[in-house]
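Please walk me through this structure. Start with the terms, then move from the whole chain to its parts.

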Amino acid sequence: MRSKLDIYGTKLDSRMLIGSALYPSPKVMQDSIVASGAQVVTLSLSRQNPTQVGGQSGGENFWEIIKSLGLHLLPNTAGCHSVKEAVTMAKMSREIFGTDWIKLELVGDDFNLQPDPIDLVKATEILLSDGFKVLPYCTDDLVIARHLVELGCKVIMPWGSPIGTGKGLLNPYALRAIRERFPEVTMIVDSGIGLPSHAMQAMEMGVDAILLNTAVAHAQHPDIMAQAFKGSIEAGRLAYEAGAMVERESASASTPTLDSPFWHQA
């Protein structure tokens, strides 16, 4: 039986999480999310407040579309630069969106939007103690991952490369190290994925899921790209569960010459 994605005890069939920002229109966003088959959608209170007044162009219209999809909501703290700011936004998101899931983002430097490892750990501890199910967005640093796991995180979200770059997995070794060190933790690669092949590479190494936004939203045909990522993520996971052959340094014939079932004596 195929395994399911586990997010703090919630079991999901899809291993693709999708963002709701940057699309050229609400209709394209809706079509792309549906095409992806994702069961979790991320959204930001700072950009997509459902209580905002504004008719068709405001947060209310966006919120109605999201609700109509019937997906699990994963609010994030995008744009926060301090522990206090991130904790405050998390609490507001819980009240407005009605979920204790939070994707914790805490910018450490605006140059490459790298997560602040020190403040991320601090904010994680505060939110976990307040009953949140924290999904921390971090770099691919094994020690930071260890601190987050020791605090009680059941999910960690290391980057593949800086957010929005589309560069793929810049340090596969670091991601493998985290996977091997914490096999019991749900590991979701978040940010930097640009192509379906990047996502498949991560899934083949045992990553549990992929979170995407820019790679889909900025594609020339977002809905088609969402389908492409859906297929690559499913294929990568299937390959991991199947167990790949051992890589060899020398050639090995796939068809034996002795005792061949097709050989017969004249």
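A residue counts as buried when its relative accessible area is under 20%, as exposed when that area is over 50%, and as partly exposed in between. With that cut-off in hand, the chain can be read. The model is predicted.

Begin with the whole chain. Its secondary structure comes to nine helices and twelve strands. Of its 266 residues, 48% count as buried. Take the contacts in the chain with a separation of 6 or more: residues 24 or more positions apart account for 65% of them.

Next comes confidence. The average pLDDT of the chain is 91, and 89% of the residues score at least 70. Residues 52-57 are a weak stretch, with pLDDT under 50 throughout. For this stretch the model has five contacts beyond four places in sequence. Where pLDDT is low, the predicted coordinates should not be read in detail.

Now turn to a helix. Helix α4 covers residues 117-129, 13 in number. From its first C-alpha to its last it reaches 19 Å, close to the 18 Å expected at 1.5 Å a residue. Its buried residues are Asp119, Leu120, Val121, Ala123, Thr124, Leu127 and Leu128. What do the buried residues of α4 pack against? Two of the partners are helices, α3 (83-97) and α5 (142-151). The others are strands β6 (101-104) and β9 (133-138).

Between β9 and α5 runs a loop, and Thr139 is found there. Is Thr139 buried or exposed? Its relative accessibility is 12%, so Thr139 counts as buried. Beyond residues up to four places away in sequence, Thr139 touches Gln114, Pro115, Pro158 and Trp159.

Asp190 lies 51 residues from Thr139 in sequence. In space, the two are 9.4 Å apart, C-alpha to C-alpha. Asp190 belongs to strand β11 (residues 186-190). Asp190 counts as buried because its relative accessibility is 4%. Which residues is Asp190 in contact with, leaving aside neighbours within four places in sequence? They are Lys103, Tyr137, Met157, Pro158, Trp159, Gly160 and Leu211. Pro158 and Trp159 also appear among the residues that Thr139 touches.

The next stop is empty space. Rolling a probe the size of a water molecule over the atoms shows where such space is left. The largest pocket holds about 730 Å³ of space. It is lined by 36 residues, and the closest to its centre are Leu22, Ile163, Gly164, Asn213 and Thr214. By class, the lining has 16 nonpolar, 16 polar and four charged residues. Three elements each supply at least two residues of this lining: β4 (40-44), β12 (209-212) and α8 (214-217). Which of them gives the most? That is β4, with three residues.

Leu22, one of the residues closest to the pocket centre, deserves a second look. Its place is in the loop between β3 (16-19) and α1 (26-36). Phi of Leu22 is near 75°, a positive value in a residue other than glycine. At 47% relative accessibility, Leu22 falls in the partly exposed class.

Leu113 also has a positive phi, near 55°, and is likewise a residue other than glycine. Leu113 sits in the loop between β7 (107-109) and β8 (114-115). With a relative accessible area of 38%, Leu113 is partly exposed.

Notes:
Residues are numbered from 1 along each chain as its sequence is written. This is a predicted model: local features need pLDDT of at least 70, side-chain atom pairs count only at pLDDT 80 or more; totals for chains, interfaces and linings use all residues. Side-chain values use heavy atoms; hydrogens and water are left out. On a 1 Å grid over the protein atoms alone, a cavity is a set of points where a 1.4 Å probe fits but cannot get out, and a pocket is an open set with protein on both sides within 12 Å along at least five of seven lines; lining residues have an atom within 4 Å of a point. Grid points are joined across faces, edges and corners, and a volume is the space filled by probe spheres set on the points. Helices (H or I, at least four residues) and strands (E, at least two) are DSSP runs, numbered from the N terminus. Ala, Val, Leu, Ile, Met, Phe, Trp, Tyr, Cys and Pro count as nonpolar, Asp, Glu, Lys and Arg as charged, and the others, Gly among them, as polar. pLDDT is the predictor's confidence in each residue, from 0 to 100. Contact means heavy atoms within 4.5 Å. The expected span of a helix is 1.5 Å times one less than its number of residues. Buried means under 20% relative accessible area, exposed over 50%, partly exposed in between (1.4 Å probe, protein chains only).
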